[in-house]
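Reader: I would like a close look at one part of this protein, the sheet and what surrounds it, with enough of the wider setting to place it. Please take it slowly and keep to what can be read from the model.

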Amino acid sequence: MISIEQGFPFAMRSQTLTCALAACLLHSTPAVAAPPALPQLPQLQAYTVEASWLQPIQPLRIADHTWQIGTEGLTALLVETQDGLVLLDGGMPQMADPLLANLRRRGFAPHDLRLILSSHAHADHAGSFAALKRRTGARIVASAESAVQLARGGSDDLHFGDDITFPPVVADRVVMDGEVVAQGGVEFTAHFMPGHTPGSIGWTWNDTRDGKPVRLAYADSLSAPGYQLLANPRYPNIVADYRRSFATVRAFNTQLAEERRKVR
């Protein structure tokens with residue numbers, strides 16, 4: 001039984017009552033065992049790729065004004081125009097420094113890069129875009145579907161989920177199928193090639209080789225690495241899109257063969 005003197009001020013009586021109640025509870029509450037510790041969260045693991053994808057190379061001449069400046073296993077094409085440079089794809093996020101080094105080997109500065117043309121928004125093609133845009137001021141050109149994926153850094157990918165992400169970046173121009181992007185007297189035509197991603201694009205343009213006109217085609221990937229092709233709930237038309245893209249590549253081959261006949 002708890003007794004409170006009538007003469008105590010109200011605040012003191014309340015404090016005394018609280019202390020007394022706490023003491024009663026302390027003596028009457030049975031000890032409760034601590035819950036077992038939950039397992040520790042796993043460490044983040046960066047995804048790994050083939051060694052050739054990360055092996056820089058010296059600039060490799062494709063045509064008089066077109067150079068492969070990527071790595072042994074990943075293409076990044078540099079096109080030199082009368083008014084700055086155009087880069088097609090940029091490889092993994094780690095490739096920004098080697099790409100800029102190859103620009104310098106070709107006698108250019110980072111600010112000479114004016115456009116970056118995207119094939120598709122996967123880390124092994126667009127991983128370096130954010131760093132390149134920040135360090136060069138180049139504008140990025142992509143399809144609408146790729147622009148969405150670029151902005152979220154590859155997260156929520158239709159096939160890979162959040163397993164293969166990269167620094168997000170905003171596309172500066174969205175192109176339609178057949179649209180032409182001009183820079184320094186060179187016209188790059190966008191050819192939609194859905195399948196590997198819904199927003200995949202191939203690019204064609206004119207150059208010369210040893211002074212003779214050539215038509216170049218940069219076809220996007222046609223692979224399906226572990227993809228669900230049949231009854232894919234997130235990409236129901238994936239098979240039809242791949243067939244469309246196969247036809248696009250066949251058209252490239254026909255066009256290039258015709259161009260070679262004209263040169264002869």
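To begin with the setting, how many helices and strands are there in the protein? And, from there, what is the order of the strands in the open sheet?

Author: The model is a predicted one, and the protein in it contains 6 helices and 11 strands. Of its 264 residues, 40% are buried. When contacts are taken between residues at least 6 apart in sequence, 57% of them join residues that are at least 24 apart.

The open sheet that you ask about has 7 strands, arranged in the order S1-S2-S3-S4-S5-S6-S7, and its pairing is mixed. Its edges are formed by strand S1 (60-61) and strand S7 (173-174), each of which pairs on one side only. In general, the strands of a sheet are held to one another by backbone hydrogen bonds, in either a parallel or an antiparallel arrangement. Within this sheet, strand S2 (residues 66-68) and strand S3 (residues 77-81) are an antiparallel pair, joined over 3 bridges, and one residue of that pairing can be followed by name, since Thr66 has Val79 as its bridge partner in S3.

Leu77 gives a second view of the region, as this residue also belongs to strand S3. Its relative accessible area is 8%, and because buried means under 20%, Leu77 counts as buried. Leu77 and Thr66 are 11 residues apart along the chain, while their C-alpha atoms are separated by 6.6 Å. Leaving out residues up to four places away in sequence, Leu77 touches Ile62, Thr66, Trp67, Gln68, Val86, Leu87, Leu88, Trp205 and Tyr218.

Further along the sheet, helix H4 (residues 129-136) lies across three strands, namely strand S4 (84-88), strand S5 (113-117) and strand S6 (139-142), and the helix runs at about 160° to S5.

The loop between helix H5 (144-151) and S7, which leads to one edge of the sheet, holds Gly161, and Asp156 is found in that loop as well. Gly161 has a relative accessible area of 24% and is partly exposed, and Asp156, at 37% relative accessibility, is likewise counted as partly exposed. Apart from its neighbours within four places in sequence, Gly161 is in contact with Gly154, Ser155 and Asp156. The backbone of Asp156 deserves a second look, for its phi is near 55°, a positive value in a residue other than glycine.

A positive phi is also found at Ala231, where the angle is about 55° although the residue is not a glycine. Ala231 sits in the loop between strand S11 (212-218) and helix H6 (238-263), and at 71% relative accessibility this residue counts as exposed, because the cut-off for that class is over 50%.

The remaining part of the setting is the largest pocket, which has a volume of about 450 Å³. Of the 25 residues that line this pocket, Trp53, His122, Asp124, His125 and His196 are the closest to its centre. Helix H3 (residues 123-126) supplies the largest share of the lining, with 3 residues. Sorted by class, the lining has 12 nonpolar, 9 polar and 4 charged residues.

Methods:
Residues are numbered from 1 along each chain as its sequence is written. This is a predicted model: local features need pLDDT of at least 70, side-chain atom pairs count only at pLDDT 80 or more; totals for chains, interfaces and linings use all residues. Side-chain values use heavy atoms; hydrogens and water are left out. On a 1 Å grid over the protein atoms alone, a cavity is a set of points where a 1.4 Å probe fits but cannot get out, and a pocket is an open set with protein on both sides within 12 Å along at least five of seven lines; lining residues have an atom within 4 Å of a point. Grid points are joined across faces, edges and corners, and a volume is the space filled by probe spheres set on the points. Helices (H or I, at least four residues) and strands (E, at least two) are DSSP runs, numbered from the N terminus. Ala, Val, Leu, Ile, Met, Phe, Trp, Tyr, Cys and Pro count as nonpolar, Asp, Glu, Lys and Arg as charged, and the others, Gly among them, as polar. Two strands pair if DSSP finds at least two bridges between them. Contact means heavy atoms within 4.5 Å. Axes are lines fitted to C-alpha atoms, for helices over the stretch in contact, and angles run from 0 to 180 degrees between N-to-C directions. Buried means under 20% relative accessible area, exposed over 50%, partly exposed in between (1.4 Å probe, protein chains only).
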